[in-house]
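Welcome, and thanks for taking a look at this one. Please open the sequence and the structure side by side, and we will walk through the interior, the aromatic rings and a couple of backbone details.

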Amino acid sequence: MDYCNGVQGFINFATSISRNFTNGGIRCPCRKCKNLKFLHQDVVTMHLLTKGFMEDYLYWYAHRELFVPDEIIEEQVVGSTSSASNMHEVGNENSNLYRNMVVNAMKMSKSNVKECPIIEEEPNADAVRFFDLLKDSDEPLWDGCTNHSKLSAVAQVFTIKSDHGLSEAGYDKIIEWARSILPEGNRLRENFYATQSMMKPLGLRY
């Protein structure tokens with residue numbers, strides 16, 4: 001979980017500085033690209049999760065980290081490992097739990113065991129599903145919600161259905177009621193079918 005959080009912290013930091021972007025991409029500091037390629041931030045995320053950071057990238061000199069020693073800036077290759085997670089605080093504990101669940105589930109899929117399933121410039125279908133789930137794990141259930149993400153809410157209701165043997169019709173009624181008392185514009189999936197489609201990539205059918 002710490003490494004996953006560290007990757008997200010790095011991406012949040014790197015993409016918060018407009019000067020880091022070139023042709024819509026940022027430098028990828030994974031072990032393969034070594035800051036030599038500019039890729040979409042989603043592709044950089046996947047590379048870092050599957051390949052790891054380039055060795056010794058302790059200071060994010062190529063991504064304009066503040067307070068970098070002058071002697072470090074002058075070097076061509078510098079850096080950090082998974083200690084990125086200790087340098088920038090990210091997310092809350094609840095969303096990190098579900099983000100970690102997504103990463104673990106997708107790592108276990110046959111398309112994602114050892115290599116990044118992405119063509120260098122553009123995510124493939126597996127990667128797109130992965131990024132969608134990562135987004136759902138971070139997106140609040142409604143604007144301003146601090147204790148549930150879109151994914152955490154769906155996963156917990158899905159679990160209740162399984163634990164208590166609710167019928168699909170019963171599940172839909174509960175969701176209909178829940179949506180009626182949640183703020184307008186909430187992101188709770190509208191029925192069992194929509195929930196099942198969302199959870200299927202995680203291997204959590206029931």
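Which residues of the largest nonpolar core touch the most other members?

## The main core

In this predicted model, the answer is Phe10, Val44, Leu48 and Tyr57, which stand out for their contacts within a core of 25 residues. Three elements each give two or more residues to this core: α1 (2–15), α2 (41–51) and α5 (125–138). The largest share comes from α1, with six residues.

## Another core

Have a look, too, at a core that lies apart from the one above. This other core has 16 residues, including Leu133, Tyr171, Ile175 and Phe192. Two of these names, Tyr171 and Phe192, will come back when we reach the aromatic pairs.

## The chain as a whole

Now for the wider view. The protein chain holds eight helices and two strands. Reading from the N terminus, the order of elements is α-β-β-α-α-α-α-α-α-α.

Of the 206 residues in the chain, 43% count as buried. Taking contacts between residues at least 6 apart in sequence, 56% of them join residues at least 24 apart. The accessible surface of the chain is about 11,700 Å², and carbon and sulfur atoms account for 50% of that surface.

## Aromatic pairs and a cluster

How many aromatic pairs does the structure hold? There are six. One of them joins Phe13 and Trp60, with 5.5 Å from centre to centre and 50 degrees between the planes, a tilted arrangement. Phe13 sits in helix α1 and Trp60 in the loop between α2 and α3 (70–73), so this pair ties together parts of the chain that are 47 residues apart in sequence. Both Phe13 and Trp60 are buried. These two residues also belong to one aromatic cluster, formed by Phe10, Phe13, Phe53 and Trp60. Phe10 is a familiar name here, being among the residues that touch the most other members of the largest core.

## Linking α7 and α8

Why is the pair of Tyr171 and Phe192 edge-to-face? The ring centres are 5.5 Å apart and the planes stand at 80 degrees, which is over the 60 degrees that this class requires, so the pair counts as edge-to-face. Tyr171 is in helix α7 (residues 168–181) and Phe192 in helix α8 (residues 192–199), so the pair links distant parts of the chain, 21 residues apart.

Are these two residues buried or exposed? Tyr171 has a relative accessible area of 2% and is buried. Phe192, at 3% relative accessibility, is buried as well. Both values fall under the 20% cut-off for buried residues.

## Two positive phi angles

Finally, two spots in the backbone deserve a visit. Asn23 has a phi near 55 degrees, a positive value in a residue other than glycine. Its place is in the loop between α1 and β1 (26–27). With a relative accessible area of 82%, Asn23 is exposed.

Lys34 has a phi near 50 degrees, again a positive value in a residue other than glycine. You will find Lys34 in the loop between β1 and β2 (38–39). Its relative accessibility is 46%, so Lys34 counts as partly exposed, a class that lies between the 20% and 50% cut-offs.

Conventions. Residues are numbered from 1 along each chain as its sequence is written. This is a predicted model: local features need pLDDT of at least 70, side-chain atom pairs count only at pLDDT 80 or more; totals for chains, interfaces and linings use all residues. Side-chain values use heavy atoms; hydrogens and water are left out. A nonpolar core is a set of buried Ala, Val, Leu, Ile, Met, Phe, Trp, Tyr and Cys residues joined through side-chain atoms within 4.5 Å. Buried means under 20% relative accessible area, exposed over 50%, partly exposed in between (1.4 Å probe, protein chains only). Helices (H or I, at least four residues) and strands (E, at least two) are DSSP runs, numbered from the N terminus. Contact means heavy atoms within 4.5 Å. Accessible areas come from the Shrake-Rupley method with a 1.4 Å probe; for residues, only the protein chains shown count as cover. Rings of Phe, Tyr and Trp (its six-membered ring) pair if their centres lie within 6.5 Å; planes under 30 degrees apart count as stacked, over 60 as edge-to-face and the rest as tilted.
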